[in-house]
Amino acid sequence: MPRKLILPYLCLLYFINYLDRVNIGFAGPNGMSEELQLSATVFGFASGVFFIGYLLLEVPSNLALHRFGARRWIARIMVSWGIVATAMAFVPNGTVLVVLRFLLGVAEAGFFPGIILYLTYFYPQKDRARIVALFMVAVPISTALGSTFSALLIQWTDWRTMFLIEGLPAIALAFVTWFWLPDKPEDAPEEPAEEHWPLKKALTHPRILALSFVYFGIVYGLYTLGFFLPTIIKGLAPGAGIVERGLINAIPYVLGAVAMILWARHGDRTGERKWHVAAPMLLGGAAIPVALYLDNPVAAMVAVSVCAIGVCAALPTFWALPTSFLGGAAAAGGIAMINSLGNVSGFAAPYVTGWLRDITGTQKTGLWVVGITMITAAVVALVQRAGTEKV
């Protein structure tokens, strides 16, 4: 595969990956929760249990990628998650749904941190935020385009067919990955990190744990929006059809995609990292509770869009922090550790939000938790040492 096509191809893979991860959020309010008789708590648990399997296998999976090569390991991950994703089309009840979501996390473990590690092989530190932004723009795009595509599939068929159609591309592209994705560039242009930590240090150092909490806060906001925004929109616009709600759902993420790229470029140009992570988190964390007290649907969507912009802007610049001082096997283990611990919020966010909605009868308490978590994580980001400082 020509080098100039690698990044667009990785974006395509992440688009499919993220869509298969969050399309349950669109299936829920469009027939699945009713057919399977899911409470908000059970739906939140099914949405979030994905991250338990994800957490357990992230580090060993990324170490396997470092050892066996990106081409083979990424292809293996894609086949596994594609099979489980298509099996979601045949789920008979809530129990099987929970099991399949857990297995989807097991199958997918290592994909995202593996790609972040893979990008360090090709691009130097000074370009990391911009390159990661171009890769991670697949998140808001998959949510924006994917929500509309998923809505159309549900309208034309049903939520089961949506799972089936959206799961098959992962299996097909696994073969493309196996035969054409290079393991490393021939000239190995990886820029040496300021210091190379041993693997044990990368897995246990307080700095890694602190960065994990920062990432936890970012992802908490991301997945709460991803899983519950379709339900929130249904409440704000009860008269809108499935496709109209899908288009409304896309608005915050289109704005987030633009912010993600522009903010990452600014971070690379200035070389500043901490405020480029913390500032959008503070903005997003403050915006989401504001949305709760706006009766006008348009004003509420503006506030939700500001939150999405904050989350999306913080994501790519964050990954410039750990990759500035981790290299080799330590990078494989450290990146996976941060991603796995941070993605515990992928379980906590939908489960806690759904549970709080069940016991309070409103979304407000759960979304207050989102805002407080993001703001706290932003403060932790600000007290971190700069990426290139010695510990």
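This section describes the overall build of the protein and one nonpolar patch on its surface. The model is predicted.

The protein contains 19 helices and zero strands. Along the principal axes, its C-alpha atoms fill a box of roughly 55 × 45 × 35 Å. The radius of gyration is 20 Å, which agrees with the value near 21 Å that a compact globule of 391 residues would have. Of the 391 residues, 60% are buried, where buried means under 20% relative accessible area. Among contacts with a separation of 6 or more, 85% are accounted for by residues 24 or more positions apart in the chain. The protein exposes about 14,500 Å², and 69% of this area is supplied by carbon and sulfur atoms.

On the surface, F90, F149, L164, I165 and L168 make a nonpolar patch of about 450 Å². Helix α11, which covers residues 159-180, gives the largest share of this patch, with three residues. One of the patch residues, L164, is found in helix α11. The relative accessibility of L164 is 30%. Buried residues lie under 20% and exposed residues over 50%, so L164, at 30%, counts as partly exposed.

Technical notes: Residues are numbered from 1 along each chain as its sequence is written. This is a predicted model: local features need pLDDT of at least 70, side-chain atom pairs count only at pLDDT 80 or more; totals for chains, interfaces and linings use all residues. Side-chain values use heavy atoms; hydrogens and water are left out. Patches are made of residues with over 30% relative accessible area and no salt bridge: like charges are joined within 9 Å, nonpolar side chains (Val, Leu, Ile, Met, Phe, Trp, Tyr) within 5 Å. Accessible areas come from the Shrake-Rupley method with a 1.4 Å probe; for residues, only the protein chains shown count as cover. A salt bridge is a side-chain nitrogen of Lys or Arg within 4 Å of a carboxyl oxygen of Asp or Glu. Helices (H or I, at least four residues) and strands (E, at least two) are DSSP runs, numbered from the N terminus. Buried means under 20% relative accessible area, exposed over 50%, partly exposed in between (1.4 Å probe, protein chains only). The radius of gyration is taken over C-alpha atoms; the globule rule is 2.2 Å times the number of residues to the power 0.38. Contact means heavy atoms within 4.5 Å.
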